[in-house]
Amino acid sequence: MGHKKLIRFEAIKGFPNVLQNPEGMAGQWQVFFKNNHPLTLELACGKGEYTIGLAKLYPNRNFTGIDIKGNRLYVGAKKCLELGIRNAAFLRSQIDAITAFFAKDEVAEIWITFPDPQLRLSKAKKRLTHPKFLRRYQQIIRPGGYIHLKTDSPDLYQFTKMVIKWYGLALAEDHENVYDQPGISPELQIKTHYEGLDIAQSNRIHYLKFKLPVEPLPDIDKPLQEHLKIYESANGGGD
């Protein structure tokens with residue numbers, strides 16, 4: 001591990017806006033932020049550009065960026081401290097463990113911004129819009145709370161649309177190319193470091209906004225996987 005990373009890992013231990021796998025946090029976020037404002041999560045937040053951008057846009061809401069990479073969290077957390085942004089914090093954790101840190105109905109909305117699309121078919125269950133993760137989100141998000149996906153990956157975009165259709169989720173917005181839309185909202189104009197890299201080389205930014213039902217998702221994960229295998233094989237994807 002590089003010397004710079006070691007310095008950053010040590011530094012965030014003392015940052016008041018960074019929590020690292022904290023015990024007993026579920027149900028305590030209003031206490032942490034010292035207000036009862038609604039809480040929005042950014043999953044796989046990287047350097048926190050979206051968490052910070054949203055916090056600036058909505059000072060009467062709270063935001064928590066979640067990522068396992070402490071080296072990246074350091075960048076966003078330090079910027080918040082420098083700018084005096086008090087309605088944003090960062091949680092260092094695996095997304096798999098999210099239900100350990102948030103109580104039922106404690107989260108108002110979830111943003112998933114430019115996550116690893118996990119393109120190999122064998123890793124489909126690691127995609128952050130896979131039903132495996134949606135069931136975790138159901139345990140913490142308020143009824144009617146939106147999930148936002150912003151990605152440059154056409155594969156993840158199409159996969160998520162497939163999940164929305166198969167599981168009967170309520171789709172509120174679908175933009176195949178965000179920046180082609182007239183008058184896009186300020187929150188969609190926030191750009192991250194990874195968006196600028198255009199790793200997928202698609203020259204498009206896809207966006208989906210949808211809701212989860214209150215009732216459990218249907219147990220059709222295996223048929224979905226089989227359908228996905230056929231779909232990705234036909235479209236040149238898969239392992």
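Biologist: Why is phenylalanine 114 called buried?

Modeller: This is a predicted model, and in it phenylalanine 114 has a relative accessible area of 11%. Buried means under 20%, so phenylalanine 114 counts as buried.

Biologist: Where is phenylalanine 114 placed, and which residues is it in contact with, leaving aside its neighbours within four places in sequence?

Modeller: Phenylalanine 114 sits in the loop between strand 5 and helix 5. With those neighbours left aside, its contacts are Lys150, Thr151, Asp152, Thr192, Glu195 and Ile205. Contact here requires heavy atoms within 4.5 Å.

Biologist: How far apart are phenylalanine 114 and histidine 206 in sequence and in space?

Modeller: In sequence, 92 residues separate phenylalanine 114 and histidine 206, while their C-alpha atoms are 9.7 Å apart in space.

Biologist: What makes glutamine 118 worth listing for its phi?

Modeller: Glutamine 118 is not a glycine, and its phi is positive, about 50°. Most residues other than glycine have a negative phi. Glutamine 118 also lies in the loop between strand 5 and helix 5.

Biologist: Is glutamine 118 buried or exposed?

Modeller: Its relative accessible area is 15%. The cut-off for buried is under 20%, so glutamine 118 is buried.

Biologist: What is the phi of aspartate 105, and why is this residue called partly exposed?

Modeller: Aspartate 105 has a positive phi of about 65°, though it is not a glycine. The residue belongs to the loop between strand 4 and strand 5. Its relative accessible area is 29%. Partly exposed covers what lies between under 20% and over 50%, so aspartate 105 is partly exposed.

Biologist: Which other residue is placed in the loop between strand 4 and strand 5, and how do you know that it is buried?

Modeller: Serine 93 is in that loop. Its relative accessibility is 1%. With buried set at under 20%, serine 93 counts as buried. Not counting residues up to four places away in sequence, serine 93 touches Asn21, Ile66, Asp67, Ile68 and Phe101.

Biologist: Why does threonine 64 count as buried, and what does it touch?

Modeller: Threonine 64, a residue of strand 3, has 0% relative accessibility. Under 20% is the requirement, so threonine 64 is buried. Beyond four places in sequence, the residues it touches include Trp29, Phe33, Leu41, Thr51, Phe90 and Phe102.

Biologist: Which residues of helix 5 are buried, and how do you know on which side they are?

Modeller: Pro131, Phe133, Leu134, Tyr137 and Gln138 are buried in helix 5. They cover an arc of only 155° around the axis, so they are on the same side of helix 5. Among the elements that cover them are strand 2, strand 5, helix 6 and helix 8.

Biologist: What makes the length of helix 8 agree with expectation?

Modeller: Helix 8 has 14 residues, from 221 to 234, and at 1.5 Å a residue should span 20 Å. The expected span uses one less than the number of residues. The C-alpha atoms at the ends of helix 8 are 20 Å apart, so the two values agree.

Biologist: Which residues of helix 8 are buried, and why are they said to line one face?

Modeller: Asp221, Leu224, Leu228 and Glu232 are the buried residues of helix 8. Seen down the axis, they fall within an arc of 60°, so they line one face of helix 8. Helix 5 and helix 6 are included in what covers them. The face turned away from the buried side carries the exposed residues Lys222, Ile230, Ser233 and Ala234.

Biologist: What is the volume of the largest pocket, and what lines it?

Modeller: The volume of the largest pocket is about 840 Å³. Its lining has 34 residues, and Ala44, Arg72, Pro115, Asp116 and Gln118 lie nearest its centre. Strand 3 and helix 5 are the elements that give two or more residues to this lining. By class, the lining has 14 nonpolar, 8 polar and 12 charged residues.

Biologist: What is the volume of the second largest pocket, and which elements each supply at least two residues of its lining?

Modeller: The second largest pocket has a volume of about 320 Å³. Helix 2, helix 4 and strand 4 each supply at least two lining residues. Among the residues that line this pocket are Phe32, Phe33, Cys80, Arg86 and Ala88. The lining divides into 8 nonpolar, 2 polar and 2 charged residues.

Terms used
Residues are numbered from 1 along each chain as its sequence is written. This is a predicted model: local features need pLDDT of at least 70, side-chain atom pairs count only at pLDDT 80 or more; totals for chains, interfaces and linings use all residues. Side-chain values use heavy atoms; hydrogens and water are left out. Helices (H or I, at least four residues) and strands (E, at least two) are DSSP runs, numbered from the N terminus. Buried means under 20% relative accessible area, exposed over 50%, partly exposed in between (1.4 Å probe, protein chains only). The arc is that of the directions from the helix axis to the C-beta atoms. On a 1 Å grid over the protein atoms alone, a cavity is a set of points where a 1.4 Å probe fits but cannot get out, and a pocket is an open set with protein on both sides within 12 Å along at least five of seven lines; lining residues have an atom within 4 Å of a point. Grid points are joined across faces, edges and corners, and a volume is the space filled by probe spheres set on the points. Ala, Val, Leu, Ile, Met, Phe, Trp, Tyr, Cys and Pro count as nonpolar, Asp, Glu, Lys and Arg as charged, and the others, Gly among them, as polar.
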